[in-house]
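Colleague: Could you take me through a close look at one part of this model, the places where its chains meet and pack together? I am new to this, so please explain the terms as you go.

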Amino acid sequence: MNWKHYFTTSIGKKLVMGFTGLFLIVFLVVHCYLNSMIFVSREAFNAAADFMATCVAMRILEVGLFAGIFLHIIQGFMLVRKNASTRGERYAVSAGNKTSAWYSRSMGLLGTLIFLFLILHINHFWVPSRITGGLNPTEVHGVEMHDLYQKMIDIFQTPWVVAVYLLGVFSLAWHLIHGFYSAFQTMGLTMPKYKALIRIVGIIFSIVICLLFALMPVSMFMGWVS
Amino acid sequence: MEHYTMNLTLKIWKQKNCKERGRFETYQVKNISSEMSFLEMFDVLNEQLIAEGKEPIAFDHDCREGICGMCSMYINGRAHGPWHQTTTCQLHMREYKDGDTIVVEPWRAKAFPVLKDLVVDRTAFDRIIQAGGYISVNTGNAVDANAIPINKQDADESFAAAACIGCGACVAACPNASAMLYVSAKVSQLALLTQGHPERKSRALNMVAQMDKEGFGSCTNIGACEAECPKGISLENIARLNREYIGAVFSGSEEKG
Amino acid sequence: MPLVSKIPAGPIAEKWTTYKSTCKLVNPANKRQLEVIVIGTGLAGASAAASLGELGYKVKTFCFQDSPRRAHSIAAQGGINAAKNYQNDGDSTYRLFYDTVKGGDYRAREGNVYRLAEVSASIIDQCVAQGVPFAREYGGLLSNRSFGGTQVQRTFYAAGQTGQQLLIGAYQAQERQIALGNVVQYSRHEMLEIVMIDGKVRGIIARDLVTGKLERHFGHAVLLCTGGYGNVFYLSTNAMGSNVTAIWKAHKKGAFFGNPCFTQIHPTCIPVSGDHQSKLTLMSESLRNDGRIWVPKKQGETRKASEIPEEERDYYLERRYPAFGNLVPRDVASRAAKERCDAGYGVGASKQAVYLDYAYAIERYGKIEANKQGIANADKNTTIKLGKEVVAEKYGNLFEMYEKITGENPYEIPMRIYPAVHYTMGGLWVDYELQTTLPGLYCLGEANFSDHGANRLGASALMQGLADGYFVIPYTLGNNLADDIRTKAIPTDHPAFVAAEKEVSDRIEKLMSIKGTESVESFHKRLGKIMWDKCGMARNEKGLKEAVEEIRALRKEFWSNVRIPGEIEEFNTELDKANRVADFIELGELMCMDALNRNESCGGHFREEYQTEEGEADRRDDGYMYVAAWEYKGESNFEIHREELNYEVVHPSARSYK
């Protein structure tokens, strides 16, 4: 049994995209839940962030997360590159949105935008928190930890940063609207009975998650939370 | 229905053979009846070109009743033109009005090289069938036709998948030039029938391997194939092919050869 | 040369069994040395190629389309007959045999027809095993429908796409043999000549339609499975590429042509809409189950159908044939429509159409449905709405097709229909083994003349194509090839191949060098008009004689004034067409001569001089109960040979549908 072979065929590649995509969707839920603590209190958020940073299980999962992102990007890049080469001569007139949705055709572009955003995002929070340090210390319930909340407030004072974050989240929303359904379709789970449900859940999920994410920089910029 | 005539400007892809580069040529046709089929309008144009001492435009067509799958024109950005679930030969000129410009291109995919003008080579589809799109039963081996009852719903779904005419519109319409709808229709048709079960796993693996070898793109679930399929083949078939493929891979089945 | 049909002796029910148990066999090692060429990949060709490949022969298939799956068998809608008696309604091999012989107006060979009925059941078994998705009942078993000319339900179907499903089944079986290396497939190739060596057919010259190059192919035997020649009429329900070329080349090399004038005109087609018309589209015969056919009682009527009151409508089929009404066989229905239109009662812009009206069916089904749903005293609108739903379920795809083509909604306005050329019962003469008069050359399916006599019943064409390919040729070919096991493959530089290729290339060069002023299409249209007017649904001596002269003149003009653009060695669709039309012109002449010779009316052949006082066909069994097998003797020179038909089992009687 040649596993490598079966995961590099056209369907195999898609399975990798689907599995990693679903894994990343689960991560988004956790990420969004924890970050939403900013709407509860400074302490709640910092405690949650500290839990993520110090819990061994989470650190191990984090490795998995980076592996997942990496695989998703590499495989996605290869898919886009392969698919860009299969047409040959381009059509002079294209069907545009008459036969398909623009975002379903633009997963590579949306993915690239998300990737660029991620570089900035990781650099903003993950790098100082895990590697370079330099975050202010704070104390929650007698435990000393990084004041990531303050870091967020600091960062989201710059208008262009907020704008980039909003663009990133916007790209993510469209990426998810197609990606959520697409992952289920790739796994063959979109039987007629469930297809509509999967579509609707996917759209609602994408919108809710991304609205919440978008609300974070906006609230901090506008001073709705402090 | 009111009948009328129209004058049209046609921009048509001309290409001498698969080696030379093609280009668009512009033609004018006059007094086209709204009653004509799209291909009859091409007949008029070709007669006009022959009378002018020019070479007519080569295009594939045969049954002209929407079932053989031979006709294949990409009309104003749409595979088989704008009518829903309609082949090029069944598209009629009452869709157009006087003064319209129509751009006609061949199916474009590396796996479907242009042979001449609007004619492409679709033998890749034959080779995909050769890879496993059949049930291995020699003539004379069959048991009585009613010996194996098939659940009516499965039989109906199998038939719906079998309605594929192999025209290649799915490949032409897919932004990735993927042949998944075509392959999945055949895999589905046979997987839904008890007769097709013994080979279902190797069939899925082999047909997918051949599809990749032919240079078709990878499916990314865009759905343009379903939207443009003249026979309404459903994306559900692609989901089923994915299931068949996963089942085959995780059960340890192997490709043959 | 006497015609030997080689029908085995013995009672009719045992002939085929006897043949199979006594025919010669070829052992597997020898089969691998024997090469077979199959021309055409429709039901007959694909099934033959697959079956012979399975047996181990080295097979080559040729088709002019881009894939074997495009063959016009794919367009058959209704179904395929088989004597399974799954419905317990009294069907049997004998009944299918009897219906087919009677339906063919007693001009078919009993032995062949019985064999066809006998193997019909195995066809269904084979197709189901291949994964053909036939319609099924809720219990999971196969469903049947009834069809014209029979009293039992024996037709198996897959919605309105039975031909497609059967063809794809055979195509897949053929592709499987290609994968196994037993069959090699040549698509976009057209056979242009047969090659004879020492009195046997040993190969072909084919033209690669992409490069335009000629190729030589050797075969111990050649099978022609190239379908019918209805396109001689220009307008027909055949595919644009359907042609007579393969069998015509064989005919000119010595194969006899059987009953060329027997043409089936199908009554329910969408009428011609103008001079631009390139082909005609068939609407399934099943539409006559529920639709009523009528014309106005007034000549030259100009009112719309909806404005013509009931008492001013002439339901002429119900009037003339009260027993069968709208369900009379195809030949009868077609002629009746023509009679009304010729008399000036036709409808539509061209006046060459009759109405097929679904208003009654909609109302009737609506009432039934209202009762089913327990709606008491349903008003007219509700009934019609419900009725339309029922009709849509039964005939939706056909109605949709009609609307796409005509732009009219058949749920609201009666459909306009007119007869169109659909099938040719005639074809190369073959014996019981499907071998033509040229040794080594076989002919299967619609291309041969054998099983349908003067008129084919609905759902029998698919049956014959597959019977020939799956179940007959594997035996009969072996019986003959058993004598050929010592014949080594003949190299294609043999002088006979060289000469045949030269003949083809000379002819092509001649065609290309004419450089006239008129297009191939235009000649084809002119031929079609002559054929339709004078050798169509009704024929007479004067018209046929004129037609022969007109066709001869047309041929001369064609060979001096046709214009074919482009080059020989390239993809050249005009040259492809010219090759075919040149043969159609010659065939047209023979068809008219055959029609002229047959001084009777039978099945699809209606001579106006031979009709009863009521205008029905007058069949003359005393003088014409034979197969006319024509031998080519040179340009415009054909000699008739007669194969007398002996009815040992079925006793010919007049067909009456009154």
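Modeller: Here is a walk along the contacts between the chains, followed by a helix pair and the core. This is a predicted model, in which local features need pLDDT of at least 70 and side-chain atom pairs count only at pLDDT 80 or more, while totals for chains, interfaces and linings use all residues. Residues are numbered from 1 along each chain as its sequence is written, and chains are lettered from A and ligands numbered from 1 in the order in which they are written.

Let's start with chains B and C. Here 67 residues of chain B are in contact with 64 residues of chain C; two residues are in contact if their C-beta atoms, placed from the backbone, lie within 7 Å. On the chain B side, at least two residues each come from α1 (38-51), β6 (114-116), α2 (123-130), α3 (152-162) and α5 (180-191). These names follow DSSP runs numbered from the N terminus: helices (H or I) of at least four residues and strands (E) of at least two. The largest share, six residues, belongs to α1(B). Sorted by class, this side of chain B has 30 nonpolar, 21 polar and 16 charged residues. Ala, Val, Leu, Ile, Met, Phe, Trp, Tyr, Cys and Pro count as nonpolar, Asp, Glu, Lys and Arg as charged, and the others, Gly among them, as polar.

Next come chains A and B, whose contact takes 34 residues from chain A and 40 residues from chain B. In chain A, α2 (10-35), α4 (56-84), α5 (102-105) and α8 (159-186) give two or more residues each to this side, and α2(A) gives the most, with four residues.

One of those helices, α8(A), also packs within its own chain. Its axis and that of α9 (residues 192-222) of chain A come within 8 Å and cross at roughly 165°; axes are lines fitted to C-alpha atoms, for helices over the stretch in contact, and angles run from 0 to 180 degrees between N-to-C directions. α8(A) and α9(A) are therefore roughly antiparallel, the word for angles over 145 degrees. The residues of their contact divide into 21 nonpolar, two polar and one charged.

Finally, the core. A nonpolar core is a set of buried Ala, Val, Leu, Ile, Met, Phe, Trp, Tyr and Cys residues joined through C-beta atoms within 7 Å, where buried means that 20 or more other C-beta atoms lie within 10 Å of a residue's own. The largest has 295 residues, and V171(B) and L428(C) are among those with the most contacts inside it. Helix α16 (residues 573-597) of chain C brings the largest share, twelve residues.

Terms used: Buried ≥ 20, exposed ≤ 12 C-beta atoms within 10 Å, placed from the backbone. Parallel < 35°, antiparallel > 145°, perpendicular 65-115°, else oblique.
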